[in-house]
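Colleague: Please take me through this model one question at a time. Give the cut-offs as the terms come up.

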Amino acid sequence: MTAGLVASGFSTRELFHGEYLKALVGACIIGVVAPVVGTWIVLRRMANLGDTMSHATLAGVAVAYAAGANILLGALGAGVVIAILLILFSASQRLGHEAIIAVMGSALFALGIIIISRIDTTDELEHILFGDVLQLTWSQIVFNVLIGGAAVAVVLVLFSELRLASFDHVQAEQVGVHVELVQAVLVVLLAVVVVISLRTVGSIMSVSMLVTPAATARLVTPTLRRMTVVAVVLGMSEGVAGVALGQALGAPPGATIGLLAAVVFAIAYVMTLPRRMPHHHRPFG
Amino acid sequence: MKCLSRRTGYPPNLTSILRIDLILDIVPNMPVRAAVLPSLLEVIRLGVEYDGITVLDEISFAVGRGELIGVIGPNGAGKSTLFKAICGLVNHSGEVEVNGVHCHSRTDRMDIAYIPQRSSNDITFPITVGELVLAGRRRFHRWYERPAAHDRDEALCMLELVNLPGMQDRSLNQLSSGQLQRAYVARALAQNASVLMLDESLSGVDEPSTTELFEVFNRLVENGSTLLIATHDLALARRRFPRCLAINRRLLGDGPPDVVLSIDVLDRTFGSAAPA
């Protein structure tokens with residue numbers, strides 16, 4: 001990889017200084033935090049919620065931008081609103097979570113589009129949508145470290161509760177786990193990941209860092225702890241390699257990271273295919 | 001085995017039951033043993049409605065310690081709903097009492113363990129057998145506490161009790177159907193539950209595994225646990241259960257299999273689709 005970058009006229013020294021260093025640090029942060037949360041999103045089969053969240057935060061960003069407030073806090077606020085709405089609407093047995101999530105996501109995305117169409121926007125909003133890791137500032141990195149570190153800490157503390165509620169929510173409720181609260185915490189953590197993603201891979205691509213490394217790790221590891229560790233290693237590697245590769249090829253870093261993660265997933269999927277084939281299937285047995 | 005009580009030779013959660021038995025054995029031929037001890041579980045006029053449709057209608061019965069009960073009824077009769085209502089997992093009318101104490105919330109019912117249908121959990125979930133059984137110990141901890149060494153010992157002990165020694169590091173999808181059910185039973189025992197409700201756990205389990213499961217069930221019953229097992233296999237119910245409950249929205253029969261599996265009760269339970 002490094003040899004290829006150098007051959008394309010991109011010096012190693014340049015890579016590790018100034019905006020590139022910040023970009024690499026930013027990619028590492030999202031590469032750690034997103035897979036830690038994403039592991040649970042994949043295991044609970046909630047990837048569509050990640051997609052919804054990435055779109056819905058647009059409303060929070062737009063409202064905060066129009067009000068002159070911090071747009072990251074606006075995005076976080078949108079995530080908290082979704083968590084609360086999910087709890088309020090979860091009592092409805094006629095509709096599954098998926099339908100409610102889709103309705104909320106599209107409504108908040110539509111709200112965001114309408115607000116943005118009414119205000120004068122600068123490049124900043126475009127960076128939010130598609131990300132620009134090279135524009136990261138040290139203060140934004142510190143903010144991402146703080147809220148990302150808090151998210152990882154919450155997952156570690158709630159590890160057992162998450163496992164119980166994710167595997168068998170009926171038994172979890174029986175032994176005293178507050179399953180709905182655990183679900184709400186997970187949604188807020190999801191919002192944190194989207195907020196951290198805004199400046200790096202962008203809100204639209206955030207689901208790629210959230211789901212793809214964790215899904216790849218799920219294919220190649222048998223245990224939960226190993227899955228988390230492998231997802232983090234993949235997330236960091238893909239983040240760093242994506243920034244470098246994007247820079248070398250002149251492609252947007254966020255999209256490069258997303259594509260790279262998908263390629264790694266595809267390779268893992270093909271390589272593990274024989275293992276996942278049903279062994280007992282013998283057509284003439 | 002280090003996890004068994006030195007005095008009784010049984011797991012710690014079963015020693016109190018044995019103590020009661022010992023006390024009762026001191027007074028020979030005590031005729032009113034069942035009357036002295038309150039029912040372990042009493043269900044009083046329990047009813048469940050979904051969207052205005054009555055799924056369970058005023059079901060009442062009582063069970064004592066050490067009973068093995070088959071709950072029979074056709075698909076959609078309300079067997080699973082009955083179990084969930086007893087555990088407080090669905091809203092219901094009527095009352096549930098455990099050890100003579102009226103249950104107001106789910107936490108009052110932690111002595112009851114519900115083992116769901118095999119298909120309701122994803123067995124490819126990355127969880128080991130040991131971690132599954134350890135999940136039963138959660139009721140003894142706060143949300144931020146980790147299981148202690150004695151919880152792990154207890155979990156290993158329960159795995160031995162259900163004939164799964166040394167299987168704690170296996171993934172769930174490496175187990176056979178019968179082994180998986182026994183792992184769930186071990187989790188319920190680790191929860192210190194005295195009433196175990198198994199929902200269609202025997203469906204799809206082959207005969208040797210069923211025999212092995214019932215060896216475990218009978219051992220648990222001898223140790224004072226009570227098991228309610230939902231099944232629609234009437235031949236199995238006739239062979240294996242000393243007491244059966246026939247349910248189809250209402251309780252239509254309660255007693256030994258000879259009575260409950262009579263043509264009259266089966267007709268009322270299964271209607272025209274009554275199995276031969």
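**Contacts, core and sheets**

Colleague: What percentage of the contacts in chain A with a separation of 6 or more comes from residues 24 or more positions apart?

Modeller: This is a predicted model, in which local features need pLDDT of at least 70, side-chain atom pairs count only at pLDDT 80 or more, and totals for chains, interfaces and linings use all residues. Residues are numbered from 1 along each chain as its sequence is written, while chains are lettered from A and ligands numbered from 1 in the order in which they are written. Two residues are in contact if their C-beta atoms, placed from the backbone, lie within 7 Å. For chain A, with a separation of 6 or more, the part due to residues 24 or more positions apart is 76%.

Colleague: How many strands does chain A have?

Modeller: Helices (H or I, at least four residues) and strands (E, at least two) are DSSP runs, numbered from the N terminus. Chain A has 15 helices, and its number of strands is zero.

Colleague: What percentage of the residues in chain A is buried?

Modeller: A residue is buried if 20 or more other C-beta atoms lie within 10 Å of its own, exposed if 12 or fewer, and partly exposed in between, with C-beta atoms placed from the backbone. Of the 285 residues in chain A, the buried part is 46%.

Colleague: Which helix of chain A gives the most to the largest nonpolar core?

Modeller: A nonpolar core is a set of buried Ala, Val, Leu, Ile, Met, Phe, Trp, Tyr and Cys residues joined through C-beta atoms within 7 Å. The largest has 157 residues, and A:V37, A:L190, A:V193, B:V133, B:A186 and B:M197 have the most contacts inside it. The top contribution, 14 residues (within 18-43), comes from chain A helix α3.

Colleague: What distance separates the end C-alpha atoms of helix α8 of chain A?

Modeller: The expected span of a helix is 1.5 Å times one less than its number of residues. Helix α8 of chain A (residues 138-157) has 20 residues, so it should span 28 Å. The distance between its end C-alpha atoms agrees with this, at 28 Å.

Colleague: What arc do the buried residues A:I141, A:N144, A:G148 and A:A151 of α8(A) cover?

Modeller: The arc is that of the directions from the helix axis to the C-beta atoms. A:I141, A:N144, A:G148 and A:A151 are buried in α8(A), and they are on the same side of α8(A) because they cover an arc of only 100°.

Colleague: Which residues are exposed on the other side of α8(A)?

Modeller: The buried residues of α8(A) have cover that includes α3 and α11 (179-198) of chain A. On the other side, the exposed residues are A:W138, A:S139, A:V142, A:L146, A:A153 and A:V157.

Colleague: Why does A:L198 count as buried?

Modeller: A:L198 lies in helix α11 of chain A. Leaving aside its neighbours within four places in sequence, A:L198 is in contact with A:L72, A:A75, A:I128 and A:S203. A:L198 counts as buried because its C-beta neighbours inside 10 Å number 24.

Colleague: Which strands stand at the edges of the six-strand sheet of chain B?

Modeller: Two strands pair if DSSP finds at least two bridges between them. The open sheet has the order β6-β7-β8-β3-β9-β10, with mixed pairing. One side of each edge strand is left without a neighbour in the sheet, because each has a single partner strand; these strands are β6 (112-115) and β10 (250-255) of chain B.

Colleague: Which residue of β8(B) stands opposite B:V71?

Modeller: Strands β3 (residues 68-72) and β8 (residues 226-231) of chain B run parallel and are joined by five bridges. Opposite B:V71, in β8(B), stands B:A230.

Colleague: At about what angle does helix α3 of chain B run to β2(B)?

Modeller: Axes are lines fitted to C-alpha atoms, for helices over the stretch in contact, and angles run from 0 to 180 degrees between N-to-C directions. Helix α3(B) (residues 79-86) runs at about 150° to β7(B). The helix also lies across β1 (41-50), β2 and β4 of chain B, and its angle to β2(B) is about 65°.

Colleague: Which element gives the largest share of the side of chain A that touches chain B?

Modeller: In chain A, 19 residues are in contact with 21 residues of chain B. Elements giving two or more residues to this side of chain A are α9 (159-167), α10 (169-174) and α13 (224-249). The largest share, five residues, comes from α9(A).
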